[in-house]
Structure formats: C-alpha cells, structure tokens
Amino acid sequence: MGAPGLLPAGGSGPWPPAEGLRGGQRQPRGLGHVLGCCGLLELDPRPGGSSGAHGTLVGFSPQQRPAKRSKCRQLFRSPSMPSSVIRPILKRLERPHDRDTPVKTKRRRSVAGTPGEVAEPKARLMRSRSFCQEEIENMLANDHRELIGDFSKAYLLQTVEGKHQDLKYISPEMMVAVLSGQFSSFIESCVIVDCRYPYEYEGGHIKGAVNLPMEQDVEEFLLKKPIVPFDATKRVIVIFHCEFSSERGPRMCRFVREKDRACNEYPHLHYPELYVLKGGYREFFPQYQAHCEPQDYRPMHHADFKEDLRKCRLKSRTWAGERSRRELYSRLNNC
C-alpha cells in the first residue's frame, strides 16, 4: 500500500498501471516521472517519452508558480498536521544582531582579552567620604594601631589574633615581657585577673595574679574602688585569663567593660586598656614555669576535685540567675 497522501482514494494518481503486471500491481516510476507530475519537469511528448527517461526542466511565470508549489506541498505534507501550523514552526525567528544575548555575553566573558572584544565595565569601590582626606592621613601618620576604650591613645602591648574578634589578645611572651618590667616606664599598674575556680588557682597560677572567679568578685575588686595611677602619663592595664582563655576569661573581660561603661560618661573609662592572655594558663605554664607559683598545673576537670567543680558551677549559675533578676527589676523600676 502506498504512503498516505501519495495515492488518492480509488487508486488513481501519478502511478499509472503497468502493462503485463499481474493482480493490478503498479510499477513505481523514476524521479523524472514524479517531477513531471508536480509540474517541475516537462515530459517529452514523443512516443516512448512517458517512461520519464526524457524530460526538460522548464521555468514558470510568477502567476503559475504558487499553484504548482501548493500542489507539491499538499503531495508531501503530513496529513496529521495542517499547513497553517507547520509554517510558523519551520520559520526561524529573526533576532536583532545589535543586542547582547545571554550566549553572546557568556562568549564575550570567556574570551576576555581577545582583540576586538570589549570587556564589560567592572564596579569600582570608592573610599568612604565620612572623613576628609587630611584627617585620615593625620590619623594614619600618628599611629597604625587601634585606640583603647576611651580613644585617648593606642594600645601599648602588641596583640595577636584570638577566638573572639572583639577582644584584644596578647601572647605568653608578651605577658612575660610585662612581668619582667620591660614596660615599667609606661605602665604603673598591671592587674592579672585569674578567672579560674579556687582549686585551680591553688594548684598553680601566674605570680602576682588575683583569683576572681565570680563576677561579683571582679566588680568588688576593680569597680567599687577603681585603681587610679599617680602619674597621669602612665597606664593601668588589666589582663584576664582562665584555663584556656576560651570562655571564662573573655566573659569576665566583657563584664568589666560593660559595667565600666555603665558607671562612666562615654567615652571615659576607669580601665580603658583590657587584654586577654591567649591560650590561658594551660599554654603559659609549660613555657614559663619560673613565673608560676606553685610551679604546677591543675586542670578544671581534675579527678580529685569533681565535688569542688560541681559546687563552683552551682554557685556561678546561682549568681548569674540572681544578676539577671536584679537587672530585670532595675529595668522595670526605670520604666
């Protein structure tokens, strides 16, 4: 059976029956015969020319061409889809060439630097205009270090990076330099606050350090009667540490700064220069045992002091809860 759309109903069409074939079989013709049926090939009217072997391609006038092309399209068109649907699909959309498409932009980025290609402009970061140029230059020329809490001068001791970015850490070597008196011409008083629990402190601590494990102890020692230098040109510095200087020491340092701010008019402070010993006593003791007394190290989780640890933690939580309630009552009274 022929393909759909090639043979009309009834068997008549461009395939004439051949003589001598049995059962009404049809013999397919050559390409010349098909072109002749479509009107694209003029068959030779001479005898024997019906075989399609001879033919001449002929031209058509513009008036004749639409009819022939329409007939040819109907011959080869699929019967399942109308011609009104096929034409829009086959027609390519013409896009403007003067616009940058995503593909064109991607290719331009991948071949950046190629001659003839213009790189996309990059955003430029501009300097903040909060300060005038002269003020910034004067600030950088005076000192490259950060200023202490009351912004009166720069930090004296060289700091290192630590766990908490808002605090100033010093190394064990810098601590020894302070204990050795290398900064005595600048420092009148250096307070070393050991924030560990009493049994840890008794097992070994830095010479001259005071044991203030509770916030109320620190507030009583430093803020009830602040330390004031006799020489106004010298400083009073405070250095905090615990076992690792990870939690207790940094927390106590923040507590002192918070309370100091609360009892002074900004930006004045009793203790504007606060430091934290990086690594705590655990890192200081193995390197500088001569600066410790007794020359020993007792960790917080010591097997012989589990009961002391439990009592100290309970006391700390109780004090923290009471402080929270006092602060809440104070806020309610101020409202």
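**Close-up views of a predicted model**

**Figure 1. S171, tucked away in a loop.** With a relative accessibility of 18%, S171 counts as buried (buried means under 20% relative accessible area, exposed over 50%, and partly exposed in between, using a 1.4 Å probe and protein chains only). The model is predicted, so to speak of local features we need pLDDT of at least 70, and side-chain atom pairs count only at pLDDT 80 or more, while totals for chains, interfaces and linings use all residues. Residues are numbered from 1 along each chain as its sequence is written, and side-chain values use heavy atoms, with hydrogens and water left out. S171 sits in the loop that links strand 3 (169-170) to helix 6 (172-179); helices (H or I, at least four residues) and strands (E, at least two) are DSSP runs, numbered from the N terminus. Look past the neighbours within four places in sequence, and S171 is in contact with V160 and L277 (contact means heavy atoms within 4.5 Å).

**Figure 2. Helix 6, mostly under cover.** Right after S171 comes helix 6, where six of the eight residues are buried. Those six are P172, M174, M175, V176, A177 and V178. What do the buried residues of helix 6 pack against? On the strand side, they meet strand 3, strand 4 (187-194), strand 5 (205-206), strand 7 and strand 8. Helix 10 (280-287) is another of their packing partners. Just beyond the helix, G181 has a positive phi, near 85 degrees.

**Figure 3. L222 and E219, two residues of helix 8.** Both E219 and L222 belong to helix 8, which covers residues 215-223. Is L222 buried or exposed? L222 counts as buried, because its relative accessibility is 0%. Leaving out residues up to four places away in sequence, L222 touches V191, I227, V238, V256 and Y271. The Y271 contact spans 49 residues of sequence, with the two C-alpha atoms 8.8 Å apart.
E219 has a relative accessibility of 24%, so it counts as partly exposed. Its contacts, not counting neighbours within four places in sequence, are K224, F255 and K259. V256, which touches L222, also has its C-alpha 7.2 Å from that of E219, although E219 and V256 are 37 residues apart in sequence.

**Figure 4. Two cis peptide bonds, each leading into a proline.** Most peptide bonds are trans. The one joining Y266 and P267 is cis, with omega about 5 degrees. P267 lies in the loop that runs from helix 9 (248-262) to strand 8 (273-277). The other cis bond here goes from E293 to P294, and its omega is near -20 degrees. Where does P294 sit? Look in the loop between strand 9 (292-293) and helix 11 (306-334).

**Figure 5. F151 and S245, with positive phi.** Most residues other than glycine have a negative phi. F151 goes the other way, with phi near 60 degrees, and S245 does too, at about 55 degrees. F151 is placed in the loop between helix 5 (133-142) and strand 3. S245 is in the loop from strand 7 (235-241) to helix 9. Their surroundings are worth a look as well. F151 counts as partly exposed, because its relative accessibility is 45%. S245 is buried, because its relative accessible area is 3%.

**Figure 6. The whole chain, and where to be wary.** For context, the protein has 11 helices and nine strands, and 28% of its 335 residues are buried. Take the contacts with a separation of 6 or more: residues 24 or more positions apart account for 60% of these. The mean pLDDT (the predictor's confidence in each residue, from 0 to 100) is 74, and 52% of the residues reach 70 or more. Residues 17-24 have pLDDT below 50, and beyond near neighbours in sequence this stretch has five contacts in the model. Residues 48-64 are also below 50, with 20 contacts in the model beyond near neighbours in sequence.
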